[in-house]
Amino acid sequence: MATRFAVSRLCITRSRSIESTWRATRCFSDDRGRILSEEERAAENVYIQKMERERLAKLKQKAEKEKAEKEKQSSDKKTDGSL
């Protein structure tokens, strides 16, 4: 009797463990209906953040370059006017 109780208790614990594992690996769906796992979603987020950082770095370099050109033009105008 005790063995039967222990076995039945083990089965219940095991099924709860499987249930909690399934809940822990929640899945998300993208616009196409495909399901993404948490790992895929995290990798996608990292990729998006990397691309945004690169885009912002390019915009920053472009702005700095334009600012340097404006300063050069304004300094050229000042030196041309004083001659």
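The protein chain exposes an accessible surface of about 8,400 Å², of which carbon and sulfur atoms account for 56%; areas follow the Shrake-Rupley method with a 1.4 Å probe, and for residues only the protein chains shown count as cover. Buried residues (under 20% relative accessible area, 1.4 Å probe, protein chains only) make up 1% of the 83 residues. The model is predicted: local features need pLDDT of at least 70, side-chain atom pairs count only at pLDDT 80 or more, and totals for chains, interfaces and linings use all residues. Residues are numbered from 1 along each chain as its sequence is written, and side-chain values use heavy atoms, with hydrogens and water left out.

**Confidence and fold**
- The mean pLDDT (the predictor's confidence in each residue, from 0 to 100) of the protein chain is 76, and 55% of the residues score at least 70.
- Two helices (DSSP runs of H or I, at least four residues) and two strands (E, at least two) occur in the protein chain, numbered from the N terminus.
- Their order from the N terminus is α-β-β-α.
- Confidence is highest in α2, at a mean of 91, and lowest in strand β1 (residues 28–29), at 56.

**Residue I48**
- I48 belongs to helix α2, which covers residues 38–82.
- With a relative accessible area of 37%, I48 is partly exposed (between the buried limit of 20% and the exposed limit of 50%).
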